[in-house]
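Colleague: Hi, could you open the model for me? I have a few quick questions.

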Amino acid sequence: DKSHILVEVTARAVHPLLEQLKRPETREGAFQLVRFLLLGCQHSSRTFRDNLLHLKEIAVTAFAEEESVRETDNNNSSSNTTTTTTTTSIASSASTTPIRAMFAQMCYCLMFQHAGYPVEYLPLLEALKPLLKAQPSEKEKLEILAKFAWRRSDGSLVSDSLDRTDGNNATTALVASLQE
């Protein structure tokens, strides 16, 4: 079983991808990868918790910056600027709103999955409030988590074979796989 490799790849890849979320031109692609990695790595809170400050910073700066740009574009289009500006505003609004909401949903799902650290999550919770009007329901969170859970080719969950205690699961999985 090589599932431990996924854990290590996730731990190493998430931070550089989070940096890419700060850049509008790479945000959408980086988000798709971050969401796959963080929502897939459900057996350990390590990677999520190691990046809480980065997630908060992105929620506060990158998505707030998008909101400011969108408001400026909307103000410009309402004061009879060219059709090009209006078209750009509409396209920009359509592509950024779902990412903002999906980013917030992802964070809420991760806090739900790794619920044992509510005090650590407070700054992120505050930063997410403007991004999504209401948290997803418990049912929606479970559906999202099930959708992104890593699976083997036989359909079983990768996390089923890993130690579910919250220490260094990658090391635990590596030692366990070497003993097989």
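Colleague: How much area does the protein expose, and what share do carbon and sulfur atoms supply?

Modeller: The protein exposes about 9800 Å², and carbon and sulfur atoms supply 57% of it. Areas come from the Shrake-Rupley method with a 1.4 Å probe. This is a predicted model, where local features need pLDDT of at least 70, side-chain atom pairs count only at pLDDT 80 or more, and totals for chains, interfaces and linings use all residues. Residues are numbered from 1 along each chain as its sequence is written, and side-chain values use heavy atoms, leaving out hydrogens and water.

Colleague: Thanks! How many helices and strands are there?

Modeller: The protein has 8 helices and 0 strands, taken as DSSP runs (H or I, at least four residues, for helices; E, at least two, for strands) numbered from the N terminus.

Colleague: And which residues have the most contacts inside the largest nonpolar core?

Modeller: Those are F103, M106 and L128, in a core of 38 residues. Such a core is a set of buried (under 20% relative accessible area, 1.4 Å probe, protein chains only) Ala, Val, Leu, Ile, Met, Phe, Trp, Tyr and Cys residues joined through side-chain atoms within 4.5 Å.

Colleague: Which helix gives the most to this core?

Modeller: Helix 5, with 9 residues.

Colleague: Back to M106, what does it touch?

Modeller: Leaving out residues up to four places away in sequence, M106 touches F31, V34, R35, L38, L39 and L55, with heavy atoms within 4.5 Å counting as contact. Helix 2 covers residues 27–40, and its buried residues include F31, V34, R35, L38 and L39.

Note on methods
Expected span 1.5 Å × (residues − 1). Buried < 20%, exposed > 50% of the residue type's maximum accessible area, 1.4 Å probe, protein only.
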